[in-house]
Amino acid sequence: MTTPTATVIGSGFGGLSLAIRLQGMGFQVTMLEKLDKPGGRAYVREQDGFFFDMGPTVITVPQFIEELFSIELGDDSLERADFPDDVNPVAYPNTKRYCDIRPIAPFYRIYFDDGSYFDYNGDPEDTRRQIKELAPEDLDGYERFHDDAQQIFRRGFMELGYTYFGDIPSMLAVTPDLLKLDAIRNLFRFAKKYFKSDKMQRVFSFETLLVGGNPLKVPAIYSMIHFVEKTWGIHYVMGGTGALVQAYVKKFQELGGQVEYNAEVAEIIVEKEGWFSKPQAKGVKLVDGREFQSDIVCSNADYATTYMKMIPSQFRTWNPDWKVKLMKYSMSLVVIYFGFKKTDEPLDLRHHNIILSEHYAELLTDIFDRKVLSGEFSQYLHIPTLTDPSMAPEGHHAAYTLIPVPHLGADIDWSVEGEALVDRVLTFLDEKGYIPNLRENIVTQSFVDPRYFESVLGSYLGNGFGVEPTLTQTAFFRPHNRSEDIQNLYLVGANTQPGAGTPSVMMSAKMTARLVKEDWLAQLNPVSNSSADSAQVAK
Ligand SMILES: Cc1cc2nc3c(=O)[nH]c(=O)nc-3n(C[C@H](O)[C@H](O)[C@H](O)COP(=O)(O)OP(=O)(O)OC[C@H]3O[C@@H](n4cnc5c(N)ncnc54)[C@H](O)[C@@H]3O)c2cc1C
């Protein structure tokens, strides 16, 4: 039996996770990455001796990572329990063979505009103590929130997390439960049911911003993030998230997978044999003219870009341009990467810091709806050198700060506004005393804005997180992991089910792998897998 072949477009966490799974299942996989290094949003920028993880820094659900590292040839792990009872959360033995992953506490320090802060962690006792200090009127509300969010977590994540919603009936089957749990109301209104103080309403709703969701719009099912973090903690990979990316590449190659960098896909080759037959993916053409033929093609690239740029419109009845353009896309980001000298005064910050502006709802509306650059900004400030000094030259800190901004559908001239915003943010960090004397001690800096997400990562409108997670773009209503238009074409990553964020894109890879397995069961023969059998040809 010939080994079936697969091409994976893109090496983000979604592409890498799927490539590992398919290779383990018995496909001969070639992963093609446009950039010169893997990781996509998790690309590592090396600058003046500093190492900056450009994207994800908050690593959650380490058991998903463990599962990928435990895959062997012929053992696809798709049949294992998704949330096994017997995993020792401290051990993760297979992960240990590839990288050093450590818990971070507190999860985040959240600063309010009056200078007070909340150290958010998974310990309910400590949470109660801090609520008592900051907003004692919300102590009862916290207990109710805790119970209700736990119910949502159990149903929405533990039971339904891996459910692929491929049709309307599968959605209808779970709707009564979600209504009963009030998981469909928007998250901010959900938080307001329990918390009277502005501060607690923000603490228990901001996290969806880290996956591109507007707390004012995203359904309350996302309150499960609180429990996901509480249950498995927040982690850091020593050497940065880039070390996890490299470890995944290593795992993939050990299984026999092949990877090519500087390999930008221009087109997915589609053929239609007869008038009534479904168009079929046959491989890809690169910008440099090379062609890769394969039995299946899986795109980890942006959903809108995959359909609108890589597939001729005559083959797209389910995803025509008008429908793709009608979808809402997540906000974009300005991210500033900077290094500064340590001083005698230690930094009074944590590894992960959220610095909220005075006006929460107004700022969110400016970013997501009005699409204007507000006079205010909130930011997520990441200082990995507080955990891992190896990210900067001796005597220095490496940091990045991330500011949500409107995507390119807005009338903002980033060639002017980018620099100006960077200046305002760094001055703010210095003058407000978050990083005293930053201006004086800064030794390197660079930034990206929505243009980077569009031109380098190929994301439509420069979106930071893909299709926006709103109620009408969740589950069945998100782009599907198995293409309806083209046979043997699959999608994976932040734009597909279940959504954005590193744990979700690893889940999306498992969902996509299950769909591939359903379609290719007859042809899969893991025992005969070897690269020598490969039918994949690079012309
Ligand atoms: C600044 C930032 C911070 C974040 N922080 C967190 C966090 O702390 N925790 C968390 O869980 N999530 C975080 N996220 C979200 C998370 O990073 C993403 O949801 C996830 O990494 C997306 O992975 P992906 O595989 O879907 O896509 P991507 O990482 O975007 O990968 C897509 C890949 O496809 C490649 N590609 C595109 N077009 C082509 C083409 N034509 N040919 C070949 N290759 C192509 C791209 O170069 C890229 O490598 C953050 C995101 C950003 C932007």
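This note sets out points on the ligand shell and on one helix packing in a predicted model.

1. The surroundings of the ligand. The ligand is surrounded by 36 residues, and the closest of them are Gly-10, Gly-12, Gly-14, Gly-40 and Gly-493. Three elements each give two or more residues to this shell: helix H1 (13-25), strand S15 (332-341) and helix H17 (502-520). Of these, H1 gives the most, with three residues.

2. The character of the shell. Sorted by class, the residues around the ligand comprise 18 nonpolar, 14 polar and four charged.

3. The position of the ligand between domains. Residues of the shell come both from domain 1 (5-102 + 242-327 + 471-533) and from domain 3 (331-455), and the ligand therefore lies between these two domains.

4. The packing of H1. Besides giving three residues to the shell around the ligand, H1 packs with helix H10 (residues 241-254) at an angle of about 20°, and the axes of the two helices are 9 Å apart. Because angles under 35 degrees count as roughly parallel, H1 is described as roughly parallel to H10. The crossing in which H1 passes H10 is left-handed.

5. The residues in the helix contact. On the side of H1, the contact is made by Leu-16, Ala-19, Ile-20 and Gln-23; on the side of H10, Tyr-248, Val-249, Lys-251 and Phe-252 take part. By class, the contact of H1 with H10 holds six nonpolar residues, one polar residue and one charged residue.

Technical notes:
Residues numbered from 1 in each chain as written. Predicted model: local features only at pLDDT ≥ 70, side-chain atom pairs only at ≥ 80, totals over all residues. Near = placed C-beta within 6 Å. Helix = DSSP H or I, 4+ residues; strand = E, 2+ residues; numbered from the N terminus. Nonpolar A, V, L, I, M, F, W, Y, C, P; charged D, E, K, R; others polar. Domains from an automatic or database assignment. Axes fitted to C-alpha atoms, helices over the stretch in contact; angles between N-to-C directions. Parallel < 35°, antiparallel > 145°, perpendicular 65-115°, else oblique. Left-handed = near helix turned anticlockwise from the far one by under 90°. Contact = placed C-beta atoms within 7 Å.
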